[in-house]
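Reader: I've got a structure on my screen and a pile of labels to go with it. Could you walk me through what earns each label?

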Amino acid sequence: GYSDGYGVYADSASAVALTGVTITGNDAYPVVVGVDSLVDIDGDTSTYSGNGQDYLYVRSGTASTSGTWPAADVPIYLSGGVYIRDYPASSGPLIEVDGAEIQLDSYLTVGGSSLYSGDLVATNTTFTRHGTGTWTCLTLSSSTTSATAITDSLIEHGGTCGSAGSRYMVSLGGAGEFNGNAVENAFEYG
C-alpha cells in the first residue's frame, strides 16, 4: 500500500490485518480497504479516531469471506454497492456485526440469485447514510438462510430502490429474522 493522506491504504488484492493499532493524525481516512479485508480489522483494541475523515473507508465489492465486521470507535463507510455472497450458493459467507455504525451511499445486498448465497447477523447496528444524501437499500435476497438475522438495529435515511411511487429501504426476500428494528426516515417507504 501507500499513503496519500491515509493512515493505511490497502489495494483490493491486499489482505490487511489490523489489531492493537492506533491510527490518528492523518489528513484523510485512517484506513482504506476492500470489503473482504473488513473482517481482519479489529475494533476492540485499536483506535482510529482523530483523522481528517474519521471512517473506516471500505471500497465497493463483494464480501465473500466469513467473519466479523468491527464495532470500532469510528463508523464503517461502505463506499459504493456491497454484496455479501459467494458462489456456489451452498457455501456463502456469514458476516456478523454487533454495535457498529455502517454508513452507506449505495446498497448492501445479502445473497443474490439462486447461484449465490450469503448471510448477515447484525445486532444493535445502525445502517444510515453517509453525508446528507440517501443510500439505496438493504436487500436480504431469496438466497439468504435462516442464519440471517437483523435485530435491535436502526435502518434510516435510505430508500431509493424501486421506482417512483414505490421506493423502499429494506427488501426482505429470504429466510431469517428481522425483529426489534426501527426503520425510519425512508425516502418513500420503509
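Author: Happy to. Let's start with one pairing: Val 8 has Val 31 in β2 as its bridge partner. Keep in mind that this is a predicted model.

Reader: What makes β1 and β2 a pair of strands?

Author: Two strands pair if there are at least two bridges between them. Strand β1 (residues 8-9) and β2 are joined by 2 bridges, so the pair meets the cut-off of at least two. The two strands run parallel.

Reader: And how do you know that β2 pairs with β3?

Author: By the bridges again: 4 of them join β2 to strand β3 (residues 56-63), and the two run parallel. The cut-off is at least two, so these strands count as paired. If you'd like a spot to click on, Val 32 stands opposite Tyr 57 in β3.

Reader: What holds paired strands together in general?

Author: Strands of a sheet pair through backbone hydrogen bonds, either parallel or antiparallel.

Reader: Why are both faces of β2 called covered?

Author: Look at the residues on each side of β2 (residues 31-34): Val 31 and Val 33 are on one side, Val 32 and Gly 34 on the other, and all are buried. Buried means under 20% relative accessible area, so each of those residues falls under that cut-off.

Reader: Which strands make up the open sheet, and in what order?

Author: The order is β4-β6-β9-β12-β15, which is 5 strands with parallel pairing. β4 (67-68) and β15 (177-179) each have a single partner strand, so they stand at the edges with one side lacking a neighbour in the sheet. For the β15 end, strand β12 (residues 149-151) pairs with β15 over 3 bridges in the parallel sense. Ala 149 stands opposite Glu 177 there.

Reader: What makes Cys 137 and Cys 161 a disulfide?

Author: Their sulfur atoms are 1.9 Å apart. A pair of cysteine sulfur atoms within 2.5 Å is a disulfide, so this one qualifies. The count by this rule is 1 disulfide.

Reader: Why is the disulfide of Cys 137 and Cys 161 called left-handed?

Author: Because the torsion about its S-S bond is about -60°. As for what gets tied together, Cys 137 sits in the loop between β10 (126-129) and β11 (138-140), and Cys 161 in the loop between β13 (154-156) and β14 (170-172), so the pair links parts 24 residues apart in sequence.

Reader: Are those two cysteines buried or exposed?

Author: Buried. Cys 137 has 3% relative accessibility, and Cys 161 has a relative accessible area of 14%. The cut-off for buried is under 20%, so both values make it.

Reader: What does Ser 106 touch?

Author: Setting aside residues up to four places away in sequence, Ser 106 touches Gly 80, Gly 81, Trp 135, Thr 136 and Cys 137. Cys 137 is the disulfide partner of Cys 161. Ser 106 is found in the loop between β7 (101-104) and β8 (108-110), and with a relative accessible area of 15% it is buried.

Reader: Why is Asp 152 called partly exposed?

Author: Asp 152 has 47% relative accessibility, so it counts as partly exposed. Exposed would take over 50%, and buried would take under 20%. Asp 152 is found in the loop between β12 and β13. Its phi is near 50°, a positive value in a residue other than glycine. Asn 185, in the segment after β16 (182-184), has a positive phi too, near 55°.

Reader: How do you know that the overall size agrees with a compact globule?

Author: For 190 residues, a compact globule would have a radius of gyration near 16 Å, and the protein has 16 Å, so the two agree. Its C-alpha atoms fill a box of roughly 45 × 35 × 25 Å along the principal axes. Buried residues make up 44% of the 190. There are 16 strands and 0 helices.

Reader: How confident is the predictor?

Author: The mean pLDDT is 90, with 96% of residues reaching 70 or more. Confidence is lowest in β14, at a mean of 91, and highest in β7, at 98.

Terms used:
Residues are numbered from 1 along each chain as its sequence is written. This is a predicted model: local features need pLDDT of at least 70, side-chain atom pairs count only at pLDDT 80 or more; totals for chains, interfaces and linings use all residues. Side-chain values use heavy atoms; hydrogens and water are left out. Buried means under 20% relative accessible area, exposed over 50%, partly exposed in between (1.4 Å probe, protein chains only). The radius of gyration is taken over C-alpha atoms; the globule rule is 2.2 Å times the number of residues to the power 0.38. Contact means heavy atoms within 4.5 Å. pLDDT is the predictor's confidence in each residue, from 0 to 100.
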